[in-house]
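Please describe the protein chain shown below in a short report. Fold pattern, surface and confidence are of interest.

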Amino acid sequence: MASAAPAPKYFLLEYKYVPDILEKRTPYRAAHIEGAKKQAEAGKMVMAGAFGETPEGALFVFRDSSVEDIEKFVKADPYVQNGLVPAWHIKPYAVVVGPLP
């Protein structure tokens, strides 16, 4: 009997933004988005986006990435490097319903 392939492992990366993010992000936005796109093109990031009426933070969904790789992404992100993200957290995410292979 063939064994089933292991389920993909997901992580959530949550950013907390500074209150005036819309005014401060402009010089860094293109590089921030480009970094996320590279992760998506590599198959490591499933989706990402800001949340809140006026963005108060962002959520990134990573698939089959290690915590160390996600931390590298965070440390290289211009938003983090330039103080627009005062806090961030990586959490395991157990997908029960959704886009599973």
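How many Å² does the protein chain expose, and what share of that do carbon and sulfur atoms supply? The exposed area is about 6,700 Å², with 57% supplied by carbon and sulfur atoms; accessible areas come from the Shrake-Rupley method with a 1.4 Å probe, and for residues only the protein chains shown count as cover.

This is a predicted model, in which local features need pLDDT of at least 70, side-chain atom pairs count only at pLDDT 80 or more, and totals for chains, interfaces and linings use all residues. Residues are numbered from 1 along each chain as its sequence is written, and side-chain values use heavy atoms, with hydrogens and water left out.

The protein chain contains 4 helices and 4 strands, in the sequence pattern β-α-α-β-β-α-α-β. Helices (H or I, at least four residues) and strands (E, at least two) are DSSP runs, numbered from the N terminus. The C-alpha atoms fill a box of roughly 60 × 25 × 20 Å along the principal axes.

Of the 101 residues, 28% are buried (under 20% relative accessible area, 1.4 Å probe, protein chains only).

An unreviewed UniProt entry carries the annotation "domain: YCII-related" for residues 11–92; such annotations may be inferred rather than shown by experiment. The end C-alpha atoms of residues 11–92 lie 4 Å apart, and this span is 41% helix and 32% strand.

Confidence is given as pLDDT, the predictor's score for each residue from 0 to 100. The protein chain averages 92, and 90% of the residues score at least 70. The elements with the lowest and highest means are tabulated.

| Element | Mean pLDDT |
|---|---|
| Helix 1 (residues 21–24) | 96, the lowest among the elements |
| Helix 4 (residues 78–81) | 98, the highest among the elements |

Technical notes. Buried means under 20% relative accessible area, exposed over 50%, partly exposed in between (1.4 Å probe, protein chains only).
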